[in-house]
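Good morning, and thank you for coming. I shall present one structure today, and I ask that you keep it in view while I speak.

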Amino acid sequence: MSFQFGTGQTQTAVSLMPHNLDDCVREMALVEQKQAAIDILEWRLDYWQTPATLLTAAHQIVAAPQPVILTLRTTHDGGLADPAVYLDRYTPLLSAQIGDVVDIEWSLPEAVRKAVSALARANGYQVLLSHHDLKKTPDNLTLQKQLAAMHATHPDILKLATTAQSNDDTTRLMALTQSFTHNHTTPLITMAMSEFGLASRIFGGQFGSAVSFGYLEHPSASGQLPIEQLKGLLTMHQN
Ligand SMILES: O=C1C[C@@](O)(C(=O)O)C[C@@H](O)[C@@H]1O
């Protein structure tokens, strides 16, 4: 499936964070229960702890109607995965063509990014290139250079998550989002993490951000709203 990001209405995503098959069954039941509010599933593979049942869980997840983003979030970008095993952990799923989009972290060595991207594209995935600043929202010039460098590698989708230490940080990120999306066609997802960043999750779409993440049971990042509340807010101000 070639999923279309940035088609107008802000799309919602939830992160699935199962450790094992039991978690997977429980979370997928919640997805079905809340599916009117969920446009995209992100499978946070860094939580998975039972390699022997990975593909069993994978088939349960991709049986849902929503497109699936595979995300192996490393410790560098706020997740649990060891960057050293990045390609090895992605390979079995990418080779089995599980899911639709693969999240690749900008912070990884270029050779690793290129290897995962090549495997993904050879198996029909869209490549989502992501970067997370867990401490701050850099100055505007740094943000512009960061996005320009990521965009120059020609991903299908870009994602930039910063940490807002003030309302001004969030305002700056949304202004950057508007400027970038007015000048480029590559879909962009941005969010300011923390309680200061809430406006980016609700109003980010007005500035061009294609997707907003809410939570199913527990937030996968600071500042997320429950998915049904998020969907309600997005629907209210986008109609
Ligand atoms: O990159 C992102 C965005 C995110 O960090 C957020 O702030 O909503 C949540 C992560 O699970 C996801 O992979």
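Which residues lie nearest the centre of the largest pocket? Before I reply, please note that this is a predicted model. The residues nearest the centre are Arg44, Arg73, His132, Ser220 and Ala221, and they belong to a lining of 17 residues. The space in this largest pocket comes to about 230 Å³. Three elements give two or more residues to its lining, namely β2 (40-44), β6 and β7 (188-193). By character, the lining of the largest pocket divides into 7 nonpolar, 4 polar and 6 charged residues.

I turn next to enclosed space. The count is 1 cavity of 30 Å³ or more. The largest cavity has a volume of about 50 Å³. Among the residues that line this cavity are Thr10, Thr190, Met191, Ser200, Arg201 and Phe213. At least two lining residues come from each of β7, α7 (198-203) and β8 (211-214). Which element gives the most to the lining of the largest cavity? That element is β8, with 3 residues. In this lining, 3 residues are nonpolar, 7 are polar and 1 is charged.

Let us now consider the aromatic rings. A pair of aromatic rings is described by the distance of the centres and the angle of the planes. How many aromatic pairs does the structure hold? It holds 2 aromatic pairs. One of them joins Trp43 and Trp48 in an edge-to-face arrangement, with 6.2 Å from centre to centre and 90° between the planes. Both Trp43 and Trp48 are buried. Tyr86 and Tyr90 also form an edge-to-face pair, with centres 5.1 Å apart and planes at 85°. These two tyrosines, Tyr86 and Tyr90, lie in helix α3 (residues 86-95), where 4 residues, about one turn of the helix, separate them. Are Tyr86 and Tyr90 buried or exposed? Tyr86 and Tyr90 are both buried.

A further ring deserves a remark. The charged end of Arg113 sits over the ring of Trp106, at 4.1 Å from the centre of that ring.

My next topic is a single residue, Thr162, which is part of strand β6 (residues 157-163). Why is Thr162 called buried? Thr162 counts as buried because its relative accessible area is 1%, and the cut-off for that word is under 20%. With what is Thr162 in contact, once neighbours within four places in sequence are left aside? Its contacts are Asp133, Lys136, Thr137, Pro138, Leu143, Leu173, Met191, Ala192 and Met193. Please recall that Met191 is also one of the residues lining the largest cavity.

Finally, I come to the backbone. Most residues other than glycine have a negative phi, and most peptide bonds are trans. Gln97, which is not a glycine, has a positive phi of about 55°. Where does Gln97 lie? Gln97 is in the loop between α3 and β4 (101-105). Ser194 likewise has a positive phi, near 100°, in a residue other than glycine. The place of Ser194 is the loop between β7 and α7. Ser194 is classed as buried because its relative accessible area is 8%, where the limit is under 20%.

To close, I suggest that you find two places in the view: Arg44, among the residues nearest the centre of the largest pocket, and Ser194, in its loop between β7 and α7. Thank you for your attention.

Technical notes
Residues are numbered from 1 along each chain as its sequence is written. This is a predicted model: local features need pLDDT of at least 70, side-chain atom pairs count only at pLDDT 80 or more; totals for chains, interfaces and linings use all residues. Side-chain values use heavy atoms; hydrogens and water are left out. Rings of Phe, Tyr and Trp (its six-membered ring) pair if their centres lie within 6.5 Å; planes under 30 degrees apart count as stacked, over 60 as edge-to-face and the rest as tilted. Buried means under 20% relative accessible area, exposed over 50%, partly exposed in between (1.4 Å probe, protein chains only). A charge sits over a ring if NZ of Lys or CZ of Arg is within 6 Å of the ring centre and within 35 degrees of the ring normal. Contact means heavy atoms within 4.5 Å. On a 1 Å grid over the protein atoms alone, a cavity is a set of points where a 1.4 Å probe fits but cannot get out, and a pocket is an open set with protein on both sides within 12 Å along at least five of seven lines; lining residues have an atom within 4 Å of a point. Grid points are joined across faces, edges and corners, and a volume is the space filled by probe spheres set on the points. Ala, Val, Leu, Ile, Met, Phe, Trp, Tyr, Cys and Pro count as nonpolar, Asp, Glu, Lys and Arg as charged, and the others, Gly among them, as polar.
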